[in-house]
Amino acid sequence: MPNRYATLVGSNRISDEYTKINTGFDTVQAEMDTHTADNGAHGATSAATVSRIIRRDAAGRAKVVAPAAADDIARKDTVDAAITTAADDATTKANAVQANLDTHTGNASIHTSAAEKSKLAGIEAGAEVNQPAFSTINDIVADDPEDTLTIVGGTGITVSTNPATKTAMITATGTATPGAHASSHVTGGADVIPDAVAGGNSGLMSGADKTAVDNATAHIAATTGVHGATSAATASRIPIRDASGRFKVAAPSAADDVARKDTVDNAVNMGMERQAIINGNFDIWQRGSTFTNPSNGGYTADRYVVAYVLDGGTNPTLTHSRLTLASGDIAGGYYGYRINTSGAGSGFGANSMQWLAQKIEFGTRYMCGVGKKVTVSFWAKSNIANKKIGVWARQNYGSGGSPSASEVINGANWTLTSSWTRYSYTFATNTLAGKTFGSDGNDNLEIAFSYQWGATLGARVGSGVLETLVGAGDIDIKQIQFNAGESVLPFQPRTFAEESIMCRRYCFALSSDAANTTYPVGFGYGASSTVAYIGVVFPVEMRMPPTLVATASDWQLQDGNSATDVTSLAILNNRNSKNSAVLQVTVTSLITAHRPYSLNADGIAGRMIIFDAEL
């Protein structure tokens, strides 16, 4: 006899199958216990929904439709109405009974007086025969010994006679209001009314039932301590306000989830706590839009740096480039970030890792600390089957003096699909107590996106298994959001102008293009026969006096008449600030001192000078 709880062999003895039977019962009991503990089983709901199991709502109540049949569940309004009707009926009847009693008691004509009783007591045996059967009853006077007295039934009374047996029967029909006699119908009385039967006959309420009703009433009135209610953000528990009148909930995810204060605060705040990432929409690419095998520490899209530790490994060809999204691909987005790999790579050691990162200026001092959390969210996809991506963070305390060592905060990883999917992770940041920040003012909170890792460094993204580049194809990322708290906030794009201004705090690039191959980057004067000073004013204040990145041979000094090739470019240290810089331009051929000059590209598109103030 096989079933899903036990398979019994009919030909065996019961003693041989006894253990299987016990095991089967244990399995059944385990399923019953699991089912009993499930407070949301069978689609239970607190609303008055047909054909659904009842479940108490957050206030401990449930709704039903108003009853129709006598054995339907009663509602509070049904009970209240019944109680009111019964109370009114009982009062009316009691008043009527009392009035009847008062009338009856006060009617002296229908009661026997003491004198009459004495007269009746004085009738002796053998009294005279054929005397009238009565003399006077009230105002009825007997006329002769054979006079007749007729008894007539009144309200609620009928009189019947039997001449054959010479009997008269007076019957109370119950159509009149009876006197007080409640004690006869309860326990110990002569005519006890039975208790009501659940789902059966109606009757009186028992003492036990009254206790149950009182307990239910007390439970309904209770404001604390019922059903395990808690003010903490505990899953599958009824919320109750704490001593301050508040309770906690988990950070919302779906649009119709309950919002928290930090959700609202971050939603209306467009500062660092709302969106700490700059160029999260990948709109700004001052340094260029395609980078093949970028160097370790090299910048690509504005504010994004490529970093890697190969640990003996060999990379395939990696191309980082600006991705133009398909029209309508995602709301509020036009560009994304693409990493194209020609293959899987080989030989990566346990301590290998490759990542794209952004360092958030002062993020550690303003967004981290005991109890503080930060949340990253982004869209990603890949046409490389089973390709993974991971996120992690690092609290950097800067340089200068004796700053505390940086601290990695481990994150998580996901397997990408060929469709755009939004991923998110919340980091619990480290305490700042006892930490020392560097004196150079370059502390930051780094958020990193890893696309390759070894078995050891993989712990940063929650993995202990080697992840190569897997194979040829693309890894695409877009709309990076990074905010304070646990809420996964919607991506909020800034205007292009806002992003451009923010990016130029860290990088200011000047370049020639096809339309202007002799683009001038600045103007100045000849300082000697071989040196000119060229001033450049920055459009926004930079984070710090910048360093210069340029190839001297790409540029020329021009005086409006002739051009002279540049052999050396450098920033004068005593002429360098956050707002402007003076370039010392060296040439081999003679120039005229104090004559005005401009620094121009050499006639080829793509020549670039970069003023770098990155973290």
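Start by selecting Trp355 and Ser450: Ser450, in β15, is the bridge partner of Trp355. The model is a predicted one.

Now widen the selection to the strands. β10 covers residues 353–361 and β15 covers residues 444–453. These two strands pair in the antiparallel sense over nine bridges. Another pair to pick out along them is Ile360 with its bridge partner in β15, Leu445. Is β15 mostly covered or mostly open? It is mostly covered, with 10 of its 10 residues buried. β10 has eight of its nine residues buried, so it is largely enclosed by the rest of the structure.

Stay with β10 and add strand β7, residues 305–309. β7 and β10 also pair in the antiparallel sense, over five bridges. Select Tyr308 and then Gln354, its bridge partner in β10.

Return to β15 and add β12, residues 388–396. Seven bridges join β12 to β15, and the two run antiparallel. Which residue of β15 is the bridge partner of Ala393? The partner is Ile447. Ala393 itself lies in β12 and counts as buried because its relative accessibility is 1%, below the 20% limit. Beyond its sequence neighbours up to four places away, Ala393 touches Glu407, Val408, Ile409, Phe427 and Glu446. For a distance check, draw a line from the C-alpha of Ala393 to that of Val374: the two are 9.9 Å apart in space and 19 residues apart in sequence.

Next, the nonpolar interior. The largest nonpolar core has 40 residues, and those with the most contacts inside it are Phe378, Ile480 and Phe482. Elements giving two or more residues to this core include β9 (335–341), β11 (373–382), β13 (407–415) and β14 (421–428). The largest share, five residues, comes from β16, which spans 473–484. Centre the view on Phe378 and show its surroundings: leaving aside neighbours within four places in sequence, its contacts include Ile389, Val391, Trp414, Tyr423, Phe449, Ile477 and Ile480. Polar and charged residues are also in contact with Phe378, among them Thr421, Arg422, Lys478 and Gln479. A second, separate core has 25 residues, including Ala532, Phe538, Ala581 and Val587.

Now colour the aromatic residues. There are 17 aromatic pairs in the model. One of them, Tyr334 with Tyr335, is edge-to-face, at 4.8 Å centre to centre and 90 degrees between the planes. Tyr335 is buried, with a relative accessible area of 18%. Then select Phe282, Trp285, Tyr304 and Tyr337, which ring pairs link into a cluster.

Two charged side chains can be viewed against rings. The charged end of Arg365 sits over the ring of Phe437, 5.6 Å from its centre. Lys478 lies over the face of Trp379, at 5.8 Å from the ring centre.

The last stop is a barrel. In what order do its six strands close? The order is β18-β19-β23-β22-β21-β24, and the pairing is antiparallel. The twist averages 40 degrees from one strand to the next. To look at one seam, select β21 (residues 555–558) and β22 (residues 563–576), which run antiparallel and are joined by three bridges. Within this seam, Leu557 stands opposite Thr564 in β22.

Key. Residues numbered from 1 in each chain as written. Predicted model: local features only at pLDDT ≥ 70, side-chain atom pairs only at ≥ 80, totals over all residues. Heavy atoms only, no water. Helix = DSSP H or I, 4+ residues; strand = E, 2+ residues; numbered from the N terminus. Buried < 20%, exposed > 50% of the residue type's maximum accessible area, 1.4 Å probe, protein only. Contact = heavy atoms within 4.5 Å. Pairing = 2+ DSSP bridges. Axes fitted to C-alpha atoms, helices over the stretch in contact; angles between N-to-C directions. Core = buried A, V, L, I, M, F, W, Y, C linked by side-chain atoms within 4.5 Å. Phe/Tyr/Trp six-rings, centres within 6.5 Å; stacked < 30°, edge-to-face > 60°. Lys NZ or Arg CZ within 6 Å of the ring centre and 35° of its normal.
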